[in-house]
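The exercises below are meant to be worked with the sequence and the coordinates at hand. Try each task before reading the solution that follows it.

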Amino acid sequence: MRLELEEEKTEKLKAVIALLIINKAGGLIYNRTFGEGLNQLNSNDYLVLAGTFHGVHAITARLNPLREHQAAHYYAQQQQYQHSASGSLGGASSSGGGGGGQGGPLPSRPEPPSGLEVMETENFRLQCFNTQTGTKFLLFTDTMQANVDVAMRKVYELYADYVMKNPFYQLEMPVRCDMFDRKLNSYIREINNSR
Amino acid sequence: MPVQVFSFYIFDRHSHNTGLSGGGGAYRDSRSAATRAKDDAKLIFGTVFSLRNMVRKLGGDDDAFISYRTAQYKLHYYETPSSLRFAMLTEPGALSMRNVLHQIYINLWVEYVVKNPLSPVEHKNGDGVRNEMFEMGLDKFVRGLM
């Protein structure tokens, strides 16, 4: 009897549990749950959660243990580049730069720190995707789910197609787009049923 | 499999940083290395504390925060029932270090700090544990991973 109950419970656990979208100011603009596995919070708690995550994300980006090492490396490369460039130009004006070609190879800029990308806990996994403009997509999945990157890319694609291309959508405001809801729902259902 | 370990922190339940073992990147900054390390410890405690509360809220009280990863590093976390918190920063590709942190707790912390009758119950002011045996053992253990 107990076993049956447990089986039912594991069946109910869905692969992709929830999606949150946080705007660049840390406000929650989209919040949707697809399956069980997380506690249900009230809308105020979700807002607090989004703000907290936004802050934590900024801190995790600053906590780079190799930043001094990378900065020193970049600085050394830049010095070398400038040295060789001024050598070949005979000390000509430095304002002409940007052309490249003379001097050594352009110093490669160190990758900007990325901030939290994946968080793991005993019960779930949180994947965070930070877009170029600072919008964050949080996808909560169970710990076994594979290919979350692919799902995340698809969700971003749907967002680009059905939210950003919606002429009535106001930037940074809560997302209320029926088409986005529908497409997202059917895509997530597809993932959750394929397991 | 060798793993690059950048740093290791132990926080007691009052957030005092009790243990620290640095390694990895070369330091160059206008602030002194000690100030930098102190600032980083505070940031790490804040991060870990917020994430842990967030995880508890979402996953229920029995859920536990294990690790997070960025493109540059990975932070592993272990919390004992007495709210002693262990955090370790490693390279991003590292596998789960939960058992390693657990081993540090059992074989080093309990053996050398808890069982030491001269050791204070609480380590205030962030001075660290200042326990030679513990620090030597920790250093040896962490270097064994790398």
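**Exercise 1. Fold order and confidence**

Which pattern does chain A follow when read along the sequence? Work this out, do likewise for chain B, and then establish where the confidence in chain A is lowest and highest.

Solution. The model is predicted, so local features are taken only at pLDDT of at least 70 and side-chain atom pairs only at pLDDT 80 or more, while totals for chains, interfaces and linings use all residues. Residues are numbered from 1 along each chain as its sequence is written, and chains are lettered from A and ligands numbered from 1 in the order in which they are written.

Step 1. Helices (H or I, at least four residues) and strands (E, at least two) are DSSP runs numbered from the N terminus. On that basis chain A has 5 helices and 5 strands, and its pattern is α-β-β-α-α-β-β-β-α-α.

Step 2. Chain B comes to 3 helices and 5 strands, running β-β-α-β-β-β-α-α from the N terminus on.

Step 3. The predictor's confidence in each residue, pLDDT, goes from 0 to 100. Its mean over chain A is 83, with 83% of the residues reaching 70 or more; within chain A the lowest mean, 49, belongs to helix H1 (residues 2-12), and the highest, 96, to strand E5 (residues 136-141).

Step 4. Two residues are in contact if their C-beta atoms, placed from the backbone, lie within 7 Å. Over residues 7-12 of chain A, where pLDDT stays under 50, the model has 1 contact beyond four places in sequence, and over residues 91-101 of chain A, where pLDDT also stays under 50, it has 2 such contacts. Where pLDDT is low, the predicted coordinates should not be read in detail.

**Exercise 2. The nonpolar core**

Determine which residues of the largest nonpolar core touch the most other members, and which element gives the largest share of this core.

Solution. Step 1. A residue is buried if 20 or more other C-beta atoms lie within 10 Å of its own, exposed if 12 or fewer, and partly exposed in between, with C-beta atoms placed from the backbone. A nonpolar core is then a set of buried Ala, Val, Leu, Ile, Met, Phe, Trp, Tyr and Cys residues joined through C-beta atoms within 7 Å.

Step 2. The largest such core has 62 residues, of which A:Leu20, A:Leu138, B:Ala87 and B:Met88 touch the most other members. Strand E1 (residues 16-22) of chain A supplies the largest share of this core, 7 residues.

Step 3. Leaving aside neighbours within four places in sequence, A:Leu138 is in contact with A:Leu20, A:Ile22, A:Phe53, A:Leu126 and A:Cys128.

Step 4. For the chains as a whole, buried residues make up 24% of the 195 residues in chain A and 34% of the 146 residues of chain B.

**Exercise 3. Strand pairing and the interface**

Describe how strand E1 (residues 5-11) of chain B is covered and paired, and then how chain B touches chain A.

Solution. Step 1. E1(B) is mostly covered, with 7 of its 7 residues buried. Two strands pair if DSSP finds at least two bridges between them; E1(B) and strand E5 (residues 85-90) of chain B pair in the antiparallel sense over 6 bridges, and B:Val5 has B:Thr90 as its bridge partner in E5(B).

Step 2. Between the chains, 33 residues of chain B are in contact with 32 residues of chain A. On the chain B side, E1, helix H1 (33-59) and strand E3 (65-69) each supply at least two residues, and H1(B) gives the most, with 12 residues.

Step 3. Pairing also crosses between the chains: strand E3 (residues 118-121) of chain A and E3(B) pair in the antiparallel sense over 4 bridges, with A:Met119 opposite B:Tyr68.

**Exercise 4. Two unusual backbone angles**

What is the phi of A:Asn147, and is B:Ser83 buried or exposed?

Solution. Step 1. Most residues other than glycine have a negative phi. A:Asn147, although not a glycine, has a positive phi of about 55 degrees; A:Asn147 is found in the loop between E5 and helix H4 (148-164) of chain A and counts as exposed because 11 C-beta neighbours lie inside 10 Å.

Step 2. B:Ser83, also not a glycine, has a positive phi of about 65 degrees. B:Ser83 sits in the loop between strand E4 (74-79) and E5 of chain B, and is exposed, with 10 other C-beta atoms within 10 Å.
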